[in-house]
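The following exercises invite a reader to examine a protein model step by step. Each task is followed by a worked solution.

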Amino acid sequence: SENMATRVREKAAKRAEQRDTRPHATAKYVRISSRKVKIVIDLIRGKQVDDALAILMYTPKAAAPVVLKLLNSAIANAVNREDGAYDRENLYVAEIYANQGPTLKRWWARSHGRADMIHKRTSHITVVLDQK
């Protein structure tokens with residue numbers, strides 16, 4: 001197996017060393033356009049988690065409940081770690097971003113036997129927490 005995977009252990013060690021250990025959560029393939037998600041996530045970037053939760057509770061956008069669930073997951077990930085390094089009071093939204101996922105392509109019947117494409121866009125939303 002000379003020409004198989006090379007330096008696997010070294011690469012793994014390097015990745016482990018460079019890994020971001022801050023608590024995070026990711027929601028993938030969310031059936032909502034990333035443009036629409038970005039409007040909501042811009043409201044909570046850099047906020048304390050309790051402020052962020054309050055903002056999301058009263059944001060009348062389709063993305064708000066999705067981001068709320070994701071933020072709660074990230075908070076749980078932070079609080080329930082083995083090392084116990086994070087306490088809920090000091091947590092804030094360090095990073096939050098929505099990347100574009102795969103687009104579902106559907107067609108729509110039009111007049112004269114034509115068809116139009118409908119793009120049902122998806123997003124991958126990631127939130128990273130840290131403590132003040």
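The exercises below treat strands, a nonpolar core, a helix, a loop residue and salt bridges in turn.

This is a predicted model, in which local features need pLDDT of at least 70, side-chain atom pairs count only at pLDDT 80 or more, and totals for chains, interfaces and linings use all residues. Residues are numbered from 1 along each chain as its sequence is written, and side-chain values use heavy atoms, with hydrogens and water left out.

**Exercise 1. Strand E5 and its partners**

Determine which strands pair with E5, and in what sense.

Solution. Step 1: helices (H or I, at least four residues) and strands (E, at least two) are DSSP runs, numbered from the N terminus. Two strands pair if DSSP finds at least two bridges between them.

Step 2: strand E1, residues 24-30, is joined to E5 by five bridges in the antiparallel sense. Within this pairing, Ala27 has Ile125 of E5 as its bridge partner.

Step 3: strand E2, residues 91-100, also runs antiparallel to E5, with nine bridges. Here Glu95 has Val128 of E5 as its bridge partner.

Step 4: E5 covers residues 123-131, and eight of its nine residues are buried. Buried means under 20% relative accessible area, exposed over 50%, and partly exposed in between (1.4 Å probe, protein chains only).

**Exercise 2. Two residues of the strands**

Establish whether Thr126 and Ala27 are buried or exposed, and state what each contacts.

Solution. Step 1: Thr126 is located in strand E5. Thr126 counts as buried because its relative accessibility is 10%.

Step 2: contact means heavy atoms within 4.5 Å. With neighbours within four places in sequence left aside, Thr126 contacts Ala25, Thr26, Leu70, Glu95, Ile96 and Tyr97.

Step 3: Ala27 belongs to strand E1. Its relative accessible area is 16%, so Ala27 is buried.

Step 4: under the same exclusion of neighbours within four places, Ala27 contacts Leu70, Ser123, His124 and Ile125. The C-alpha atoms of Ala27 and Ser73 are 9.8 Å apart in space, while the two residues are 46 residues apart in sequence.

**Exercise 3. The nonpolar core**

Find how many residues the largest nonpolar core has, and which element supplies its largest share.

Solution. Step 1: a nonpolar core is a set of buried Ala, Val, Leu, Ile, Met, Phe, Trp, Tyr and Cys residues joined through side-chain atoms within 4.5 Å. In soluble globular proteins, nonpolar side chains tend to be buried together.

Step 2: the largest core has 29 residues, and those with the most contacts inside it are Val37, Val67, Leu71, Val127 and Leu129.

Step 3: at least two residues of this core come from each of E1, H2 (34-44), H3 (49-57), H4 (63-79), E2 and E5. H4 gives the largest share, nine residues.

Step 4: Val67 serves as an example, for it touches Val37, Val40, Ile41, Ile44, Leu56 and Ile96, residues up to four places away in sequence not being counted.

**Exercise 4. Helix H3 and the loop after it**

Explain why the buried residues of H3 lie on the same side, and describe the surroundings of Thr59.

Solution. Step 1: Val49, Ala52, Leu53 and Leu56 are buried in H3. They lie on the same side of H3 because they cover an arc of only 100 degrees around the axis, the arc being that of the directions from the helix axis to the C-beta atoms.

Step 2: H2, H4, E2 and E5 are among what covers these buried residues.

Step 3: Thr59 is in the loop between H3 and H4, and its relative accessibility of 14% is why Thr59 counts as buried.

Step 4: a polar atom of the Thr59 side chain lies 2.6 Å from the backbone oxygen of Ile55. Apart from neighbours within four places in sequence, Thr59 contacts Val40, Leu43 and Ala64.

**Exercise 5. Salt bridges**

State how many salt bridges the structure holds, and which parts the pair Asp50 and Arg88 ties together.

Solution. Step 1: a salt bridge is a side-chain nitrogen of Lys or Arg within 4 Å of a carboxyl oxygen of Asp or Glu. The structure holds six salt bridges.

Step 2: Asp50 and Arg88 form one of them, at 2.6 Å from N to O. Asp50 is in helix H3 and Arg88 in the loop between H4 and E2, so this pair ties together parts 38 residues apart in sequence.

Step 3: Asp50 is partly exposed at 43% relative accessible area, and Arg88 is partly exposed at 30% relative accessibility.

Step 4: Asp83 and Arg81 form a salt bridge with their closest N and O atoms 2.9 Å apart. Asp20, Arg22 and Glu95 are joined into one network by salt bridges that share partners.

Notes. Polar contact = N/O pair within 3.5 Å; in protein donor to acceptor, adjacent residues only side chain to side chain.
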